[in-house]
Amino acid sequence: MVSKTRKDITTRDDVKLLVDRFYEKVNQDELLAPVFSHVDWPNHLPIMYDFWASIVLGEMSYNGNPFAKHIHLNINKEHFTRWLELFTKTVDVHFEGYNATQVKTRALSIADLFQYKRGLLGNRS
Ligand code: HEM
């Protein structure tokens, strides 16, 4: 359910909440959970806090290469669609405002870029 008192994403704690809730959903999702079964969560979650805080709060804490991490994953267009659906839902349940819109837009454009690079856009899926 969407909370009546939604605020914007303005602090690192907000980013943590978003990331934690999102991956809880991912881990309960029958399509996505198997792709993440090898993930070392205590290590992965702080990386994701850094990634999103860099995007939305202007922190300079993430300096990895997200695309390289996805090249070898066995994922298709359906996975991306589900990932984006869960991410958008998680943002909308907890937040609203400029930064909330911003993270959704960025997620979509990065997902498109990943899919483009993997040849998953258009009719090739
Ligand atoms: C089908 C959709 C996606 C799946 C199944 C997926 C899965 C994964 C997995 C399994 C990892 C961990 C890789 C590892 O360290 O072993 C990972 C890392 C990561 N993913 Fe995704 N991902 C998806 C989409 C996205 C999108 C759309 C974004 C960005 C908006 C994103 C951002 C990242 C970042 C930043 C990392 C960490 C990279 C690093 O360690 O520096 N992912 N993803």
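**A walk through an all-helix chain**

Let's start with the building blocks: the chain contains 5 helices and 0 strands. Following the sequence from one end to the other, you meet the pattern α-α-α-α-α. The radius of gyration of the chain is 14 Å, close to the 14 Å that the globule rule gives for 125 residues, so the chain is as compact as a globular protein of that length. Keep in mind as you look around that this is a predicted model.

Now picture the outline. Taken along the principal axes, the C-alpha atoms of the chain fill a box of roughly 40 × 30 × 25 Å. How do parts of the sequence meet inside that box? Among the contacts in the chain with a separation of 6 or more, 77% are between residues 24 or more positions apart.

Next, think about inside and outside. Of the 125 residues, 37% count as buried; here, buried means under 20% relative accessible area. The chain exposes about 7600 Å² in total, and 54% of that area comes from carbon and sulfur atoms. As for charge, you can count 16 positive and 15 negative side chains, and the centres of these two sets lie 4 Å apart.

Finally, turn to the ligand and its iron atom. Which residue of the protein is a donor to the iron atom? The only protein donor is His70, through its NE2 atom, at 2.0 Å. To find His70 in the fold, look at helix α3, which covers residues 66–70. Histidine 70 therefore makes a good place to end the tour.

Technical notes. Residues numbered from 1 in each chain as written. Predicted model: local features only at pLDDT ≥ 70, side-chain atom pairs only at ≥ 80, totals over all residues. Heavy atoms only, no water. Helix = DSSP H or I, 4+ residues; strand = E, 2+ residues; numbered from the N terminus. Rg over C-alpha atoms; globule rule 2.2 N^0.38 Å. Buried < 20%, exposed > 50% of the residue type's maximum accessible area, 1.4 Å probe, protein only. Contact = heavy atoms within 4.5 Å. Areas by Shrake-Rupley, 256 points an atom, 1.4 Å probe, with all protein chains shown as cover. Lys, Arg positive; Asp, Glu negative; His and termini not counted. Charge placed at Lys NZ, Arg CZ, Asp CG, Glu CD. Donors = N, O, S within 2.8 Å, 3.2 Å for Na, K, Ca; no water.
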